[in-house]
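Work through the exercises below with the sequence and coordinates open. Try each task before reading its solution.

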Amino acid sequence: MKIYKDFYTSPDVVQIARNLIGKYLFVKSEGIVCGGYITESEAYQGPTDRASHAYNNRRTNRTEVMFYEGGRTYVYLCYGIHSMLNIVTGPKDIPHAVLIRGFMPTTGLEAIKKRIGVNNPSAKNFNGPGKLTKALGINAVHNNLDLSGNEIWLEDRGLKLKGKKIIAGPRIGVDYAKEDALLPYRFVLK
């Protein structure tokens, strides 16, 4: 079952980031559906978070989608190489987002193996935001898409995380954000 809009529009981006662990992410591209469950996420708390692209309510052509009502994608290119998938959250004009950093594939495995060039993939092939987008075929054309559509969506399939823990810790690669880099906004399924 697709996740309802009210999940994304909650004002608590940190709780949403945690709650995304174990939810399923799907992408339909060239008639093939690929996806799996989310294993890692990072919250970015809009205007007050120095690590956010929308810190201090910075509005640019790139960040404008972050100011939309939650439930849309924000995809940007990092270092000119890797696409990064974010889920826009919160009410309109509050630019929160959650970076999806890792997943475990369950659907479309042949297409995923072809995209990443590995015949016998393991968890290490999917534990980074650039690895995730490569495996799922996510790129700039997936920016600003409604998550209730049929190109990219999330589902709650009631995955039970028995014996697994969700660990909270500091985010990765945002040292420029000083003390905000140390906030426990990164969630990992162990």
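**Exercise 1.** Which residue in β5 is the bridge partner of V88?

Solution. The model is predicted. Start at V88 and cross to β5: the partner is A97. Next, take the strand pair as a whole. β4 and β5 run antiparallel and are joined by 4 bridges. Then follow the chain between them. The two strands form a hairpin with 6 residues in between. In that turn, G90 has a positive phi of about 90 degrees.

**Exercise 2.** Find how β4 pairs with β3, and decide how enclosed β4 is.

Solution. Count the bridges first: β3 and β4 share 7, in the antiparallel sense. One of these contacts links V75 to L85 in β4. Now check burial, where the cut-off is under 20% relative accessible area. In β4, 7 of the 8 residues are buried, so the strand is largely enclosed by the rest of the structure.

**Exercise 3.** Describe the largest pocket: its volume, its lining and the strands that contribute.

Solution. The volume is about 440 Å³. The lining has 21 residues, and Y76, C78, I172, G173 and V174 lie nearest the centre. The elements giving two or more residues are β2 (32-45), β3 (72-78), β4 (82-89) and β5 (96-107). By class, the lining splits into 14 nonpolar, 5 polar and 2 charged residues.

**Exercise 4.** Do the same for the second largest pocket.

Solution. The space is about 180 Å³. Of 13 lining residues, T39, M104, A123, N127 and L189 are closest to the centre. β2, β5 and β8 (186-189) each supply at least two. The classes are 7 nonpolar, 3 polar and 3 charged.

Key
Residues numbered from 1 in each chain as written. Predicted model: local features only at pLDDT ≥ 70, side-chain atom pairs only at ≥ 80, totals over all residues. Heavy atoms only, no water. 1 Å grid on protein atoms, 1.4 Å probe; cavity = no way out; pocket = protein on both sides within 12 Å on 5 of 7 lines; lining within 4 Å. Points joined across faces, edges and corners; volume = space filled by probe spheres on them. Nonpolar A, V, L, I, M, F, W, Y, C, P; charged D, E, K, R; others polar. Buried < 20%, exposed > 50% of the residue type's maximum accessible area, 1.4 Å probe, protein only. Pairing = 2+ DSSP bridges.
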